[in-house]
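Reader: I am in my first year of study and would be grateful for a close look at one part of this structure. Please describe the surroundings of the ligand and the elements of the chain that lead to them.

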Amino acid sequence: MDKVHVGILIGSIRKGSFTRQVANNVIKMLPEWMEAQILDISGLPLYNQDFDDGGVAPEAYHAFRALAQKQDAFLFLTPEHNRSVPAALKNAIDVGSRPIAESVWSGKPGAVISVSPGAIAGFGANHHLRQSMTFLNVYMMQQPECYLGGITKCLDDEGNIIRDATNEFLSKVVEAYAFWVRRFVGEQ
Ligand code: FNR
């Protein structure tokens with residue numbers, strides 16, 4: 001039985017990232033038929049169309065695109081920067097989207113979890129990401145929407161989610177995500 005490959009994109013490149021800690025918890029909740037891989041976005045040079053027009057893209061672009069292309073589905077976990085998607089994540093989205101005929105995103109299922117210490121829970125980032133995904137033809141799960149606010153109160157020093165309600169909610173999100181992905185990849 002082939003596993004379904006799920007590319008995990010984390011919108012923070014900070015060492016102590018709360019979003020990365022949440023991602024590690026979520027990865028453990030995925031069903032065994034999914035194989036999750038974090039796609040590192042931290043080494044991608046800023047997107048410049050000249051790289052692609054001249055045909056000499058940085059090696060980091062090739063590596064990221066090749067890995068992302070192998071994924072059957074995507075799961076985005078993102079903090080919010082100034083009510084939008086952090087630049088590092090937007091950069092990775094742009095890198096993966098070109099050359100346009102070879103976009104790594106198109107036709108695959110996805111979902112987004114936004115994470116914030118604040119009360120608005122990354123709503124702006126969550127929806128700006130959805131806007132880009134609409135254009136990029138990623139089939140985003142609509143429900144349940146997942147906005148995790150007050151995240152510092154949910155995590156212990158080892159990065160475990162210690163709030164029962166958050167764990168229960170995330171389990172439901174993961175279950176719905178697995179069901180959503182199944183609709184696109186079928187039985188494995
Ligand atoms: C933030 N932060 C933030 N938080 C939020 O809820 N909405 C926002 O618009 C912003 N804007 C913002 C801009 C910039 C430039 C920074 C550096 C931070 C705070 C942010 O949620 C906090 O730093 C998180 O800890 C970032 O997520 P990670 O890195 O912990 O995953």
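Author: The account below begins at the ligand and then follows the chain outward. The model is a predicted one.

Twelve names make up the surroundings of the ligand: Ser12, Arg14, Ser17, Phe18, Thr19, Pro79, Glu80, His81, Asn82, Arg83, Ser116 and Pro117. Sorted by class, this shell holds three nonpolar, six polar and three charged residues. Particular atoms can be named at several places. The side chain of arginine 14 brings an N or O atom to 2.8 Å from an oxygen atom of the ligand. Serine 17 places a polar side-chain atom 2.6 Å from an oxygen atom of the ligand. With glutamate 80 the partner is a nitrogen atom of the ligand, which lies 2.7 Å from a polar side-chain atom of that residue. On its own the ligand would expose 610 Å², and the protein buries 68% of this area.

Consider next the residues of the shell that come early in the chain. Serine 12 belongs to the loop between strand 1 and helix 1. The relative accessible area of serine 12 is 10%, so the residue counts as buried, the cut-off being under 20%. Its side chain also makes a polar contact of 3.3 Å with the side chain of serine 17, and serine 17 is the residue whose polar side-chain atom lies 2.6 Å from a ligand oxygen. Phenylalanine 18 is part of helix 1, which spans residues 18-29. Phenylalanine 18 has a relative accessibility of 29% and is therefore classed as partly exposed. Although phenylalanine 18 and proline 79 are 61 residues apart along the chain, their C-alpha atoms are separated by 8.4 Å. Both of these residues are among those that surround the ligand.

The loop between strand 3 and helix 4 supplies glutamate 80. Because its relative accessibility is 17%, glutamate 80 counts as buried. Besides the ligand, its side chain has partners within the protein. One is the side chain of arginine 83, joined to that of glutamate 80 by a polar contact of 2.7 Å. Another is the backbone nitrogen of alanine 125, which the side chain of glutamate 80 reaches at 3.0 Å. Asparagine 82 is found in the loop between strand 3 and helix 4 as well. The relative accessibility of asparagine 82 is 79%, so this residue counts as exposed. Its backbone deserves attention too: phi is near 50 degrees, a positive value in a residue other than glycine.

The strands may now be taken in turn. Strand 3 covers residues 73-78, and six of its six residues are buried. This holds for both faces: Ala73, Leu75 and Leu77 are buried on one side, and Phe74, Phe76 and Thr78 on the other. Strand 1, made of residues 4-10, pairs with strand 3 in the parallel sense over five bridges. Within this pairing, leucine 9 stands opposite phenylalanine 76, and glycine 7 has phenylalanine 74 as its bridge partner. Strand 3 is also joined by five bridges to strand 4, residues 109-115, and the two run parallel. Here leucine 75 faces alanine 111 of strand 4. Between these two strands the chain passes through helix 4, residues 87-97, in a right-handed β-α-β crossover.

Strand 1 has a further partner, strand 2 (residues 34-38), with which it pairs in the parallel sense over five bridges. Glycine 7 stands opposite glutamine 37 in that strand. The path from strand 1 by way of helix 1 to strand 2 forms a right-handed β-α-β unit. As for cover, six of the seven residues of strand 1 are buried.

Some backbone details complete the view. Proline 99 lies in the loop between helix 4 and strand 4, and the peptide bond that leads to it from arginine 98 is cis, with omega near -10 degrees. Alanine 121 is located in the loop between strand 4 and helix 5. Alanine 121 is not a glycine, yet it has a positive phi of about 65 degrees. With a relative accessible area of 5%, alanine 121 is therefore classed as buried.

Key. Residues are numbered from 1 along each chain as its sequence is written. This is a predicted model: local features need pLDDT of at least 70, side-chain atom pairs count only at pLDDT 80 or more; totals for chains, interfaces and linings use all residues. Side-chain values use heavy atoms; hydrogens and water are left out. A residue is near a molecule or strand if one of its heavy atoms lies within 4 Å of it. A polar contact is a pair of N or O atoms within 3.5 Å; within protein, one must be able to donate a hydrogen and the other to accept it, and residues adjacent in sequence count only if both atoms are side-chain atoms. Accessible areas come from the Shrake-Rupley method with a 1.4 Å probe; for residues, only the protein chains shown count as cover. Ala, Val, Leu, Ile, Met, Phe, Trp, Tyr, Cys and Pro count as nonpolar, Asp, Glu, Lys and Arg as charged, and the others, Gly among them, as polar. Buried means under 20% relative accessible area, exposed over 50%, partly exposed in between (1.4 Å probe, protein chains only). Helices (H or I, at least four residues) and strands (E, at least two) are DSSP runs, numbered from the N terminus. Two strands pair if DSSP finds at least two bridges between them. A crossover is right-handed if, with the strands pointing away from the viewer, the path from the first strand over the helix to the second runs clockwise.
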